[in-house]
Amino acid sequence: MSKIGAIVLAAGMSKRMGKPKLLLRLKGKPLFRYPLELAIRNQLSPICLIGGQYLKSFQEDSTDLMNVDFIPNPNYDLGMSTSVRMGINHVKDCTDAVFIFLADQPFVPDLVIQSMTEQYCNGLRIVRPKYNGKLGHPILIDKSLYKEFLTIDGDQGGKEIIKKYKNLTKILSFEDSIWGMDIDTSQDFQIGKQYSSIITH
C-alpha cells in the first residue's frame with residue numbers, strides 16, 4: 001500500500017482579503033483547519049502545514065490535532081513555490097506520493113481524497129480534480145516528480161511541471177463546483193457562509 005502524505009499551503013498574505021483569511025471562522029472553525037482535518041481523517045502521513053506570519057496563531061488553534069507538523073516559511077513573501085519546496089523537502093524521504101492542499105478550501109469532501117487515492121494506485125504520476133469543468137486542488141503527485149518540484153520558484157505551485165506530464169495525469173471530474181471554491185475575498189467568505197451547511201465535519 002502506498003504511503004501518501006499531505007502538504008497544506010498556508011503562508012499566503014491574504015492581500016485580497018485585507019486580513020488573515022485563514023483564521024476566519026466557518027461553522028466555528030478557522031478555514032485552515034478544514035484541509036488539515038481532511039488529511040487526518042483520510043490517514044495521510046506525514047501531514048505538514050507550511051505557514052508564514054500567522055503560523056503561531058495556526059498552532060494555537062490546533063492544539064487538539066495530532067500528528068501535524070507546523071513548518072515556518074521565513075521566505076513566504078517570495079511566493080507559493082517557497083512553501084511547496086519546503087513541503088516536498090519535509091515528506092520526500094518517507095512518502096510514495098503527496099497531496100498538495102490549499103489552506104483556503106474548506107469544502108473539499110472525503111470523497112475527492114478517496115477517489116484520487118484509488119486512481120493514484122493505478123500507477124499515475126499526477127491525479128487532479130476538476131469541479132464542474134474547472135481544474136482544482138488538491139493535487140496528488142508521485143515521488144518521481146519531487147526533484148522537479150524542488151526546482152520551482154516565484155509565486156507558482158508547479159503549473160509547468162503539471163503541464164509537462166499531462167499524458168501521465170488523471171483528471172477526476174466532480175459535479176459540485178463549490179467543493180473546489182477558494183476563499184480569497186470578503187465576498188467569497190460570505191458565499192462560503194451560505195454554503196457552510198454542506199460541511200459535515
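I'll begin with strand 6, which is mostly covered: 6 of its 6 residues are buried. Bear in mind that this is a predicted model. In a regular strand, side chains alternate between the two faces of the sheet. Here both faces are covered, with Ala97, Phe99 and Phe101 buried on one side, and Val98, Ile100 and Leu102 buried on the other.

Which strands pair with strand 6, and in what sense? Strand 1 pairs with strand 6 in the parallel sense, over 6 bridges. Within that pairing, Val98 of strand 6 has Gly5 opposite. Strand 9 runs antiparallel to strand 6, and 4 bridges join the two. One of the residues involved is Ala97, whose bridge partner in strand 9 is Asp142.

Moving along the chain, the loop between strand 6 and helix 4 holds Gln105. Is Gln105 buried or exposed? Its relative accessibility is 5%, and since the cut-off for buried is under 20%, Gln105 counts as buried. Setting aside neighbours within four places in sequence, Gln105 is in contact with Pro35, His137, Gly180, Met181 and Asp182. For Gly180 there is also a polar contact to report: its backbone oxygen lies 3.1 Å from a polar atom of the Gln105 side chain.

Pro35, from that contact list, takes us to helix 1, where Pro35 is one of the buried residues. The others are Arg33, Tyr34, Leu36, Glu37, Leu38 and Ala39. That makes helix 1 mostly covered, at 7 of its 9 residues. After helix 1 comes Gln43, with a positive phi near 55 degrees.

Next is helix 4, residues 110–120. Its buried residues are Asp110, Val112, Ile113, Ser115, Met116 and Tyr120. An α-helix has 3.6 residues a turn, so residues three or four places apart point the same way. What covers the buried residues of helix 4? The cover includes strand 1, strand 6 and helix 1, and also strand 7, strand 9 and strand 10.

Helix 4 also contributes to a pocket, the second largest, supplying 4 residues, the largest share of its lining. As general background, rolling a probe the size of a water molecule over the atoms shows where empty space is left. The second largest pocket has a volume of about 290 Å³. Its lining comprises 13 residues, and those nearest the centre are Met1, Ile4, Asn42, Leu44 and Thr117. How does the lining divide by character? There are 5 nonpolar residues, 6 polar and 2 charged.

Two residues remain, both further along the chain. Asp176 lies in the loop between strand 10 and helix 7. With a relative accessible area of 32%, Asp176 is partly exposed, because that value falls between the 20% and 50% cut-offs. A polar atom of the Asp176 side chain lies 3.2 Å from the backbone nitrogen of Ile178. In sequence, Asp176 and Asn132 are 44 residues apart, yet their C-alpha atoms are 5.8 Å apart in space.

Finally, Phe189 is placed in helix 7, residues 186–194. Phe189 counts as buried, because its relative accessibility is 9%, and buried means under 20%. The C-alpha atoms of Phe189 and Arg25 are 9.5 Å apart, with a sequence separation of 164 residues.

To close, back to where I started: strand 6 has 6 of its 6 residues buried, paired with strand 1 in the parallel sense and with strand 9 in the antiparallel one.

Conventions. Residues are numbered from 1 along each chain as its sequence is written. This is a predicted model: local features need pLDDT of at least 70, side-chain atom pairs count only at pLDDT 80 or more; totals for chains, interfaces and linings use all residues. Side-chain values use heavy atoms; hydrogens and water are left out. On a 1 Å grid over the protein atoms alone, a cavity is a set of points where a 1.4 Å probe fits but cannot get out, and a pocket is an open set with protein on both sides within 12 Å along at least five of seven lines; lining residues have an atom within 4 Å of a point. Grid points are joined across faces, edges and corners, and a volume is the space filled by probe spheres set on the points. Ala, Val, Leu, Ile, Met, Phe, Trp, Tyr, Cys and Pro count as nonpolar, Asp, Glu, Lys and Arg as charged, and the others, Gly among them, as polar. Buried means under 20% relative accessible area, exposed over 50%, partly exposed in between (1.4 Å probe, protein chains only). Contact means heavy atoms within 4.5 Å. A polar contact is a pair of N or O atoms within 3.5 Å; within protein, one must be able to donate a hydrogen and the other to accept it, and residues adjacent in sequence count only if both atoms are side-chain atoms. Two strands pair if DSSP finds at least two bridges between them.
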